[in-house]
Amino acid sequence: MSHQPPQDPSQSAWGAQPQGPPQAPQYGQPQAPYPPVAPYQPEPPKKKSWIARHKVLTVIGAIVAVFIIGGIASGGGDDTGSDTAKTAPDKAADAKPADDTAKEEPADEPKKELSQADQFKEFVAKNGSGPEKAAVKHVTKIQGAGEQNDLLDAADIYTDYEGGIMSPNQGDAKLLASAFADWKDSKNGLVTVYDEAGELMANGNF
């Protein structure tokens, strides 16, 4: 038989095992360097959101948005009617225009008040005789025929005749006085006819 040396109990089939606790490094031996440490930097302050920084503007914008939405909602019901009115045929436009003559017919102008002489001439033209109608064309003015009180009414007829009481047209002056009496009636009236110079030609009661 072969003689085998005794085995070390500290060794096993799995290999050599360390013996005893690990020894601390001796003073003066090099050690592994520590990893570098970054210098401390304060964390920058977080920026506030735009809404947080502008609270007043945010509130105002929200109020405006509410009004806009409310206006759109309230006006939404009228859109259908307005569109219908727009799309509906314009009956007034399709209608035939009325007669332009009727539209452009001027309004009745107030009648100008006639003078006393024009009123007298108009009366004689309708009711007077031929000689009276010829004589009334020479009347230029009449005074005192507008107001009467039946006590002492006086009227004056002015003409373009000449010659006064000796005028060859004195007969025409008397016709004028007679026609005036047909036009006006007074209990105590006197009408006088004058020529263009203001001289008396004839007179008569009316």
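1. Buried here means under 20% relative accessible area. By that cut-off, strand E4 is mostly covered, since five of its seven residues are buried. The model is a predicted one, and the points below start with the chain as a whole before returning to E4 and its sheet.

2. The protein chain contains seven helices and six strands. Read from the N terminus, the order of elements is β-β-α-α-α-α-α-α-β-β-α-β-β. Of the 206 residues in the protein chain, 17% are buried. The exposed area comes to about 17300 Å², with carbon and sulfur atoms supplying 57% of it. Taking contacts between residues at least 6 apart in sequence, 53% join residues at least 24 apart.

3. Four strands form an open sheet in the order E3-E4-E5-E6, and the pairing is mixed. Its edge strands are E3 (139–143) and E6 (200–205), each of which pairs on one side only. On average, neighbouring strands of this sheet are turned by 15° against each other, direction ignored. As a general matter, strands of a sheet pair through backbone hydrogen bonds, in either a parallel or an antiparallel sense.

4. The pairing of E3 with E4 (residues 153–159) is antiparallel and runs over four bridges. Val-139 stands opposite Thr-159 of E4, and Gln-143 stands opposite Asp-156 of E4.

5. On the E5 side of E4, the pairing is parallel, with six bridges. Ala-155 is the residue opposite Val-191 of E5.

6. Which residues does Asp-156 touch, leaving aside those up to four places away in sequence? They are Lys-141, Ile-142, Gln-143, Thr-192 and Tyr-194. Asp-156 itself belongs to strand E4. Its C-alpha lies 5.7 Å from that of Val-191, although the two residues are 35 apart in sequence.

7. E5 and E6 are joined in the antiparallel sense over five bridges. One facing pair is Leu-190 and Asn-205, the latter in E6. The hairpin of E5 and E6 has five residues between the strands, and in this hairpin Gly-198 adopts a positive phi near 85°.

8. Two helices lie across strands of the sheet. Helix H5 (residues 116–127) lies across E3 and E4 and runs at about 115° to E3. Helix H7 (residues 170–183) lies across E3, E4, E5 (189–194) and E6, and runs at about 30° to E6. E4, the mostly covered strand, is thus listed under H5 and also under H7.

9. A nonpolar patch on the surface deserves a separate entry. Val-56, Leu-57, Ile-60, Val-64, Ile-68 and Ile-72 make it up, and together they have about 580 Å² of accessible area. Val-56 is part of helix H2 (residues 55–87).

10. Why does Val-56 count as exposed? Its relative accessibility is 59%, and the exposed class begins over 50%. Val-56 is therefore placed in the exposed class.

11. To recapitulate the sheet: E3 and E4 pair in the antiparallel sense, E4 and E5 in the parallel sense, and E5 and E6 again in the antiparallel sense.

Note on methods:
Residues numbered from 1 in each chain as written. Predicted model: local features only at pLDDT ≥ 70, side-chain atom pairs only at ≥ 80, totals over all residues. Heavy atoms only, no water. Pairing = 2+ DSSP bridges. Axes fitted to C-alpha atoms, helices over the stretch in contact; angles between N-to-C directions. Contact = heavy atoms within 4.5 Å. Patch = residues over 30% accessible without salt bridge, like charges linked within 9 Å, V, L, I, M, F, W, Y side chains within 5 Å. Areas by Shrake-Rupley, 256 points an atom, 1.4 Å probe, with all protein chains shown as cover. Salt bridge = Lys/Arg side-chain N within 4 Å of Asp/Glu carboxyl O. Buried < 20%, exposed > 50% of the residue type's maximum accessible area, 1.4 Å probe, protein only.
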